[in-house]
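Me: I'm new to this structure and would love a friendly tour. Could you take my questions one at a time?

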Amino acid sequence: MIILLLLTLWSWLPVRITMYQPILLYTTEEHGCSLTTFYVRVEQHEPTLLMIKTCNNEVFGAYCSSRWGERNLKDDRGNRQAYFGTGETFLFSLYPERAKYPWVGMETDRNVEHSAELFMAADAKMITIGGGEGQAIWMDENIRFGKTDRCQTKLLGGETGSPLKLFRVLEVYGFATEQLN
């Protein structure tokens, strides 16, 4: 079953990424539960794949199109940009259901509101993926608690305003620059 889930996830990745070998960059099981350690290990990699398993055995995550180091970039006025990333970012659920949740802008011919272009945000206290009237995935600074919610960036399944979830494991994968043979 795990192989089937991984093949499904692999089929959702952009084709150019599937030519590269995935590399485990960070896991809470080996590196501890710290956003500081998370950033040190993953911030220069682009793209990354986040996989979360909760204590209720849910498995879900996100394909993140941009480097986490972009959280430190500043705008024209010298202020940190709150959100970064591109519409290539998507969310997914692998268990108990299998589903891909792309950016809403991929599924419409019309212009989307700015609140539907909130892809990734991060600071010393949290990580957020998706925004606008909720966060699709939010996790705390200790990478122990998080939640999923509907938002304007992603058409995420499930209930609105779900309760906090206890995370069992977070794994983050990057992709080697050498192509698979």
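Me: Let's begin with K165: is it buried or exposed?

Reply: Happy to help, and please keep in mind that this is a predicted model. K165 has a relative accessible area of 13%. Buried means under 20%, so K165 counts as buried.

Me: Which residue does K165 meet in a salt bridge?

Reply: The bridge joins two side chains, with 2.9 Å from N to O. K165 sits in strand β10 (residues 165-179) and its partner in the loop between β2 and β3, so the pair ties together parts that are 107 residues apart in sequence. The partner is E58.

Me: How many salt bridges are there in the whole structure?

Reply: Side chains of opposite charge can pair when their charged atoms come close. One of the bridges is the pair E58 and K165. A search of the whole structure gives a total of 4.

Me: How many residues apart in sequence are E88 and R16?

Reply: Their side chains meet in a salt bridge at 2.8 Å, N to O. E88 belongs to the loop between β3 (59-64) and β4 (90-95), while R16 belongs to the loop between α1 (2-12) and β1 (20-27), so the bridge ties together parts that are separated in sequence by 72 residues.

Me: Are E88 and R16 buried or exposed?

Reply: E88 has a relative accessibility of 28%, and R16 has a relative accessible area of 43%. Buried would need under 20% and exposed over 50%. Both values lie in between, so E88 and R16 are partly exposed.

Me: Which residue meets R71 in a salt bridge?

Reply: R71 is buried, at 10% relative accessibility. R71 lies in the loop between β3 and β4, and its partner, 28 residues apart, lies in the loop between α3 (35-42) and β2 (48-54). The two side chains meet at 2.7 Å, N to O, and the partner is E43.

Me: How many residues of β3 are buried?

Reply: V59, G61 and Y63 point one way from this strand, and F60, A62 and C64 point the other way. Residues on both sides are buried. That leaves β3 mostly covered, with a buried count of 6 of 6.

Me: What is the bridge partner of L50 in β3?

Reply: β2 and β3 run antiparallel and are joined by 6 bridges. Their hairpin has 4 residues between the strands, and N57 there takes a positive phi near 65°. Within this pairing, L50 has as its partner in β3 A62.

Me: And which residue of β4 is the bridge partner of F60?

Reply: β3 also pairs with β4, in the antiparallel sense, over 5 bridges. The partner of F60 in β4 is S93.

Me: Which helix gives the largest share of the largest nonpolar core?

Reply: That core has 29 residues, and those with the most contacts inside it include F38, L50, W68 and I129. The largest share is 4 residues, and it comes from α3.

Me: How many residues does the second core have?

Reply: This core is separate, and L5, W12, Y63 and L94 are among its members. Its size in residues is 13.

Me: Which residues form a nonpolar patch on the surface?

Reply: One member lies in strand β10, namely L166, and at 36% relative accessibility L166 counts as partly exposed. Together the patch residues have about 270 Å² of accessible area, and they are F145, L164 and L166.

Note on methods:
Residues are numbered from 1 along each chain as its sequence is written. This is a predicted model: local features need pLDDT of at least 70, side-chain atom pairs count only at pLDDT 80 or more; totals for chains, interfaces and linings use all residues. Side-chain values use heavy atoms; hydrogens and water are left out. Helices (H or I, at least four residues) and strands (E, at least two) are DSSP runs, numbered from the N terminus. Buried means under 20% relative accessible area, exposed over 50%, partly exposed in between (1.4 Å probe, protein chains only). A nonpolar core is a set of buried Ala, Val, Leu, Ile, Met, Phe, Trp, Tyr and Cys residues joined through side-chain atoms within 4.5 Å. Two strands pair if DSSP finds at least two bridges between them. Patches are made of residues with over 30% relative accessible area and no salt bridge: like charges are joined within 9 Å, nonpolar side chains (Val, Leu, Ile, Met, Phe, Trp, Tyr) within 5 Å. Accessible areas come from the Shrake-Rupley method with a 1.4 Å probe; for residues, only the protein chains shown count as cover.
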